[in-house]
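Here's a quick briefing to read alongside the model. Have the structure open and follow the strands as you go.

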Amino acid sequence: MQASIRISGRRVSRLASAKLAAGKSGSRSLSLCASAISRANYPTKAGLLSGRHLALPPTRAFGSRSYSASTASAASSTGAGPASDANSTVDLGDMIPMDRIRNIGIIAHVDHGKTTLVDCLLKQSGALSGSSAMQETRVMDSNALEKERGITILSKVTSLVYNGHRINIVDTPGHADFGGEVERILSMVDSVVLVVDATEGPMAQTKFVLTKALSRGLTPLVVLNKVDRPTSRPDEVDSELLELFMALGASDEQTTYELMYASAKEGWCSKDLDQVATYVDAASKGQKASGTMSPLLDAIIANVPPPKGERAGAPFSMLVTQLEANPYLGKCALGRITSGTVRVGDRIRVLEPGTSNVKEDGKVTKLFLRSGVQQIEMAQAGAGDVVAISGVPSVSVNSTIAGPDVSQALEFIPVDPPTISVTFSVNDSPLAGREGSQLTSGMIRDRLRREAEINVALQVVDDGKSEAMEVRGRGELQLSVLIETMRREGFELSVTPPRVLFKKSPENPRQILEPFEEITIDVDHESSGVVIEKLTKRKGELKNFSDLADKARMVFHIPTRGLLGYASEFKNDTHGTGVMNHAFLRYDEYAGVFEKSRKASMVCMSLGTATSYALNTIEPRGRLFVRNSDEVYPGMVVGELSKDGNDLDVNPTKAKQLTNIRAAGKDETIRLTPVKPWTLEEVIAYVNPDEAIEVTPTQIRLRKQILDSTKRKQLSRRRVSDVDELLE
């Protein structure tokens, strides 16, 4: 066996190092080998982080908001080509040469710090100077739901200026349910920054976003974030990342990625772990670290290729990747210009994706470039620029905006198919129409169609025969965000439980395929047994079990329907300390029926107001969902039984009979167990197949789809499973 050296988690054979050194990545491999040998002879300080030692390029100061070139030597050191005069400046709205543009996407698993990283870059570059956003955190999460939930839901595009270069940055969601946003933006960028938590390492969504980036031929820059935490393990995470790259079939160029260490929260980045140790040591003494994000921006300019395409003499064309609403201009189309140039007032046309049919003719009324959180008007833009164009209100995502001479639409990236669906319909309960302003099926249909135009990861199926509309998506979170957005807009809805989308095998029509997910779980060791037991009952297959600090990490492959309703159980089983993440894996053979996990329901049989007297008599039978004075109606689910069996009809409106006969003793004070209000995610995960969710601007109620108890019992005998229905 060949002797090998460990280099920051990587093993490079001594015989292979000379061969690598002769190739394109030779200088990097040779320096890594030299660094490893140097560390073997001169160990690092005890108690500090250890890893690769690489020389840092000289740090350059951040530029102002105007495009000012530094010096010829500075430009040449970044490999960006010849520099312009040192004193020349270009206004933000000007069209700059393509070799001074860098288009980069930020991808990561949820909560690994990519939005915080973008904040730090914008603030240090001066892109937020003079605005109130300078004092805010997560400025790119502008949506109200994003701020409340602390997650990124929609992709955001911004830009900053550094050393005479315009760096266009796309911040993407980290949750698997919003993977369609990640897939779309890859057509706009020439490389990606993969952000990985230095403690958690690569997770389920890391694998998903990296797969998409590698399939596009992009060479990522890797940033190990939160490296200043005591639990960080940069060497091991680097090794896990390299194994992931190789497992995904990355090329030699892609596996020789640039590696950076950062603390986005503290505002510094470095290529050298010894420098990181210095920053950590300073922080432990209460001192401010002197580092900045300059090394990362230098690496972006040096390693990300400038955009390709022709400006002079080429017809204008642009693929629309996102739509924005402007209160004055209407619908604006965001995308990266593929070829040619465009000016305000130019004639343009919209070509439909796939068919290339002309959908609309119009002209450019405004051109915008986003810098920080502001929109900058431009007079003209060219190939390589990421801009928003107004003037064609009928445009949709994946459409092509082009000049009058172009007749062929640009190719677009197809997104992965949806895996679950719910049905939206009008709220037909006895309490309907009391709170909302958007009540009719027509209003719901128009709203869902507008959503489908913007979000290509959602599919809206309208058979035209009924008032209900089927909405298909990636996961429960994606659908719950849509429902929450609509209820805040004044809609009242009735939503069915999520169900998995099965399909027939192309080879065998009698074989049913269902979606599978890869789920990664981090829990305390004492909770691992119950998690394995419950996921095994749901047809989950344990693929890997490892220790991660004081946690146990488990990787399962499980049918998507096995995850429906499991989130609340997982939270209870792990006492709120477990972390669960999942991503779509593949369609595979139907795994069969598994045990029912939820108990029967207590169903209201009368219309009125719940009384404490009645609830006190019902509570011993199970868990209540309603409180005293809540309005109830027949068919509404008011609780869960404590034992298995059939649903139980109860009367929560019954009042105590008042007579002229005095009681022998004083009435006891009634004390009911406090009821926690439903959250949308909880009720979506909890609801049974024969139930529905009533959503209003202020209330979330659980009810039976069929309110009449007699009809409900008759139809329950005729119910056919989705699999049997597909085979028929």
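What follows covers a sheet, its helices, a buried strand and the nonpolar cores.

Keep in mind that this is a predicted model. A good place to begin is an open sheet of 7 strands with mixed pairing. From there, we move to the helices lying across its strands, then to E13 and the cores.

**The sheet**

- Reading across the open sheet, the strand order is E6-E7-E5-E8-E9-E10-E11.
- Its edges are strand E6 (156-162) and strand E11 (268-270), each of which pairs on one side only.
- Going from one strand to the next, the twist averages 25°.
- At the E11 edge, strand E10 (residues 258-263) runs antiparallel to E11, and 3 bridges join the two.
- If you want a landmark there, look for tyrosine 261, whose bridge partner in E11 is serine 270.

**Helices across the strands**

- Helix H4 (residues 114-125) lies across four strands: E5 (101-108), E6, E7 (165-171) and E8 (191-197).
- Relative to E6, H4 runs at about 35°.
- Helix H7 (residues 204-215) lies across E5 and E8, and its angle to E8 is about 165°.

**Strand E13 and its partners**

- Strand E13 (residues 330-339) has 7 of its 10 residues buried, so the rest of the structure largely encloses it.
- One partner is strand E12 (residues 317-326), which runs antiparallel to E13 and is joined to it by 9 bridges.
- A hairpin links E12 to E13 through 3 residues.
- Within this pairing, glutamate 324 has cysteine 332 of E13 as its bridge partner.
- E13 also pairs with strand E20 (residues 386-390), again in the antiparallel sense, over 5 bridges.
- Here alanine 333 has isoleucine 389 of E20 as its bridge partner.

**The nonpolar cores**

- The largest nonpolar core has 42 residues, and those touching the most other members are Leu194, Val222, Leu224, Leu241 and Phe245.
- Elements giving two or more residues to this core include E8, E9 (221-225), H8 (234-247) and H10 (273-284), and also E13 and E20.
- H7 gives the most to this core, with 6 residues.
- Which residues does leucine 194 touch, not counting residues up to four places away in sequence? The contacts of leucine 194 include Ile107, Thr206, Val209, Leu210 and Pro220, along with Val222, Leu241 and Phe245.
- Another core, of 32 residues, lies apart from the largest one, and has Leu482, Val500, Phe625 and Ile693 among its members.

Key: Residues are numbered from 1 along each chain as its sequence is written. This is a predicted model: local features need pLDDT of at least 70, side-chain atom pairs count only at pLDDT 80 or more; totals for chains, interfaces and linings use all residues. Side-chain values use heavy atoms; hydrogens and water are left out. Buried means under 20% relative accessible area, exposed over 50%, partly exposed in between (1.4 Å probe, protein chains only). Two strands pair if DSSP finds at least two bridges between them. Axes are lines fitted to C-alpha atoms, for helices over the stretch in contact, and angles run from 0 to 180 degrees between N-to-C directions. Contact means heavy atoms within 4.5 Å. A nonpolar core is a set of buried Ala, Val, Leu, Ile, Met, Phe, Trp, Tyr and Cys residues joined through side-chain atoms within 4.5 Å.
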